Amino acid sequence: MDTLAQSIQILFTTPAILMASVGVAWGILGGALPGLSPSITMALLLPFTYALDPTSAIILLASTYVGAEYGGSIPAILIRTPGTNAAAATVIDGYEMNRKGKAGLALGISLYSGVIGSLFGLVMLVVLSEPLARIALSFRPPSYFALGILGLSVIVTLSGGSLVKGMIAGIFGLMVATVGTDPVTGGNRFTFGTAELLGGIEPVLVMVGLFAVSELLVQATQKDAPIRVESKARIQFPGWKLAKRLLPSQMIGNVVGTFEGIMPGAGGTVASFIAYNEAKRWSRHKEEFGKGSPEGIAAPETANNTVSATAIIPLLAFGIPGSNSTAVLLGGFLIHGITVGPMIFVKSAAVVHGLYGGLLVASIAQLAIGMAMMGPCIWLVNRPRAYLNAFIFALIFSGVFSIHQSLFDLGLVLAAGVVGFIMRLLNIPFLPTVLGLVLGFLVESNYRRALVISGGDHSIFVTDPISLGFLTVATLFVLGSVGKPFFAKMRKPRLS
Amino acid sequence: MKGHLFMAGAFALGIAAFSASASAQDYPKDTVTLITHSSVGGGSDVFLRELSKYLSSALGANVIVENVTGGSGANALARLASAPADGSIFYATTPTFIYTSLLSNPEATYKDLEPVVNVFTDPEVIYTAADSPYDSLQAVIDHAKAERGTWGAANPASLERQLLERLKTAAGAENAAIVTHEGGGDMMINVLNGTLDVGVGEVQEVKSQLEAKQIRVLATFSDEKLETLPDVPTVKSLGYDVVARKFRGIAGPKGLPADVIAAWEKAIPEVLDNPEYKAAYTASDLRPDFIPHAEYGPFIQSFAAETEAFLKQSGVIK
């Protein structure tokens with residue numbers, strides 16, 4: 001109660017409302033630009049926070065994170081390109097809804113699901129900061145390995161028609177993830193002597209190439225793109241009946257987002273995919289998934305916005321950033337000489353309370369600012385294809401270039417675009433590649449690290465209880481999905 | 001109000017004119033750019049930005065910080081190597097620039113840069129979880145000899161791993177497994193939950209856990225005891241000759257004129273004595289460790305030679 005009172009008080013003593021609004025607006029813009037990940041959007045603001053007081057600076061950065069997680073869904077729905085990694089799951093049904101002329105509704109669902117996610121995540125952040133962070137503390141290398149395997153097992157359901165093609169795509173992603181510095185010996189792998197590849201291939205670059213560039217290439221091959229958004233399309237919130245239908249999937253998003261946010265290394269991307277998958281499993285309208293299901297937007301968008309608040313939990317409780325975005329936030333604290341960790345609740349309580357209050361404002365401002373920015377966004381996608389594509393192309397490349405001012409990165413994005421184009425021609429899905437790329441390093445490094453600890457004994461993966469639990473769930477999940485057709489066949493004769 | 005602003009502006013201009021005429025010799029330049037490979041908010045970035053606040057007046061120039069990220073420092077090295085050697089541009093050195101030079105094949109390496117002076121060293125300490133059974137470094141080493149030890153280093157190709165490998169050899173603790181991570185945060189979790197016996201890190205990095213009494217520091221790799229942790233023995237005093245100086249200094253392009261180097265040799269000790277700055281860097285556990293130009297070059301050379309030998313011995317490079 002004390003915390004709440006102080007948080008509200010801080011809202012009136014610092015320009016918190018202004019900072020939160022500016023943060024959200026900038027976040028939505030950055031999130032909506034493919035190539036600018038939430039962490040990059042936040043990092044671009046960092047230099048400006050030197051001049052601010054600590055509370056304002058932290059509110060600005062955290063609000064940017066909130067806005068960016070929502071903003072990523074706008075291009076996902078409108079141009080089939082996720083603006084952020086975590087919006088990749090939204091592409092599946094969001095773009096299908098757009099094709100059916102329901103872009104306005106899709107955007108409305110994404111926005112209000114995002115607000116629900118942010119608010120729920122904030123409550124979790126305030127309530128659970130200390131107790132729940134202890135769970136993350138008991139994660140050992142074998143547990144992380146098993147977590148990664150559970151994430152990879154989702155490939156089974158993401159493969160669409162052909163499991164073999166899904167596996168090809170997933171393994172390709174895992175292969176790309178091995179480029180860079182060997183996690184145990186520190187030697188170079190597949191870097192061909194270039195310093196640019198030492199840090200590995202950044203997933204964001206591959207994703208921009210696979211999704212955005214290949215889409216532009218495909219559109220360039222079509223004479224006149226038949227897909228056009230209804231020019232009258234306006235942001236449209238779902239009616240009461242639809243809102244009630246969406247509620248379960250949003251709850252799933254909330255829960256998944258909370259857990260994934262707390263576990264370092266998991267993050268919004270994994271949360272979105274797991275939430276999408278769970279929402280599909282529990283839905284009464286399973287058949288609509290992949291064909292423009294509103295639940296397929298609500299679940300991942302709730303999840304990734306929940307993560308934008310819950311990812312801060314391990315940062316505050318341990319000083320351990322679990323994702324790129326929270327690492328930038330940590331940078332914001334460090335600039336102002338604040339040591340992040342358990343003692344922050346004692347030594348810099350005002351900043352923590354300010355952060356809570358600022359996130360509350362940001363969650364609410366998200367609704368208003370999100371609606372205000374929607375008009376221009378919808379107008380934009382109604383421009384003639386040729387202009388729009390040229391504009392997007394310029395946007396993507398300037399965005400990518402702004403990350404490291406590296407021409408090498410541009411080459412990488414183009415190469416990924418060509419690979420994506422070929423994958424489309426062969427009907428190989430992208431999402432398993434993305435998952436492999438994001439999780440490959442986590443899986444490999446923790447597998448090897450666990451074996452260094454155990455002295456090469458593989459039993460460490462079953463004696464660690466968390467690892468055993470995850471591996472069991474992953475096994476059941478794969479058997480359940482792969483075995484489904486067989487079970488169905490077994491049942492049929494009995495019925496007839 | 002407008003009048004006030006105008007007056008203030010005129011005053012500022014006057015000061016600027018005065019300081020310009022006061023420094024009418026060749027060096028310093030109007031603007032000195034300090035380059036770091038670290039991104040905004042990273043270790044070297046914070047170091048340079050704090051330093052630049054006090055350096056501007058000591059050097060009599062406008063000091064600005066620029067982040068040239070990417071390629072683990074290779075981009076920043078390349079930028080420096082091709083810059084004019086007129087004292088207008090410098091680079092913040094850390095062991096990273098040696099490691100990157102040795103590990104990858106960048107177009108410019110540490111050999112293409114001229115070390116100017118050193119400013120600080122970051123003390124590296126060896127620590128364990130507060131509830132672990134080890135009350136001294138010797139207990140950790142004994143455990144590693146008798147059964148099996150798990151010692152954590154933040155990154156595979158790092159000074160921290162190098163220190164642990166040296167300690168392992170010096171102590172003859174053959175059963176110690178050195179477990180590498182993707183950064184200090186990762187490793188801290190594994191120390192706190194008891195997966196690792198000990199971890200190695202900079203005092204700055206582990207400060208918040210130390211204040212929260214979640215960890216205990218067993219020993220320091222510095223050559224002398226730390227002011228902020230007076231009870232912690234040095235590894236050397238415990239009988240293992242492993243000492244590290246994780247340096248933070250300044251380097252420039254090759255062929256810097258003597259007056260530029262002289263200006264820095266004068267400015268850095270002056271800045272380090274500034275009471276306000278002293279309070280700031282002491283609080284963040286940086287140890288002032290000024291090394292003049294004549295000694296800094298050989299220091300970097302020997303550091304690089306030692307690192308190269310380690311990387312070859314552990315099979316990271318050929």
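Student: In which loop is Lys213(B) found?

Tutor: Lys213(B) sits in the loop between α8 and β9 (215-220) of chain B. Helices (H or I, at least four residues) and strands (E, at least two) are DSSP runs, numbered from the N terminus. The model is predicted: local features need pLDDT of at least 70, side-chain atom pairs count only at pLDDT 80 or more, and totals for chains, interfaces and linings use all residues. Residues are numbered from 1 along each chain as its sequence is written, while chains are lettered from A and ligands numbered from 1 in the order in which they are written.

Student: Why is Lys213(B) called exposed?

Tutor: A residue is exposed if 12 or fewer other C-beta atoms lie within 10 Å of its own, buried if 20 or more do, and partly exposed in between, with C-beta atoms placed from the backbone. Lys213(B) has 10 other C-beta atoms within 10 Å, and therefore counts as exposed. Its phi is near 60°, a positive value in a residue other than glycine.

Student: What makes Phe190(A) exposed?

Tutor: Phe190(A) has 12 C-beta neighbours inside 10 Å, so it counts as exposed. Phe190(A) lies in the loop between β2 (188-189) and α11 (203-221) of chain A, and its phi is near 50°, again a positive value in a residue other than glycine.

Student: How do you know that the buried residues of α9(B) line one face?

Tutor: The buried residues are Val260(B), Ile261(B), Ala263(B), Trp264(B), Ala267(B), Ile268(B) and Val271(B). Seen down the axis of α9(B), they fall within an arc of 150°, so they line one face of the helix; the arc is that of the directions from the helix axis to the C-beta atoms. The face turned away from the buried side carries the exposed residues Ala258(B), Asp259(B), Ala262(B), Lys266(B) and Asp273(B). Among the elements that the buried residues pack against are α2 (43-59) and β4 (113-122) of chain B.

Student: What makes the span of α9(B) close to the expected one?

Tutor: The expected span is 1.5 Å times one less than the number of residues. Helix α9(B), residues 258-273, has 16 residues and reaches 23 Å from its first C-alpha to its last, close to the expected 22 Å.

Student: Why is α2(A) described as largely enclosed?

Tutor: Of the 17 residues of α2(A), 15 are buried, so this helix is largely enclosed by the rest of the structure. Helix α16(A) is mostly covered, with 10 of its 12 residues buried.

Student: How do you know that the largest nonpolar core lies between two domains of chain B?

Tutor: A nonpolar core is a set of buried Ala, Val, Leu, Ile, Met, Phe, Trp, Tyr and Cys residues joined through C-beta atoms within 7 Å. The largest has 241 residues, and Leu61(A) and Ala62(A) touch the most other members. Helix α7 (residues 103-137) of chain A gives the largest share, 13 residues. Domain 1 (29-122 + 247-313) and domain 2 (124-221) of chain B both give residues to this core, so it lies between them; the domain bounds come from an automatic or database domain assignment.

Student: How many residues does each chain bring to the contact?

Tutor: Chain B brings 37 residues and chain A 42 residues, where two residues are in contact if their C-beta atoms, placed from the backbone, lie within 7 Å. On the side of chain B that touches chain A, α7(B) supplies the largest share, five residues.
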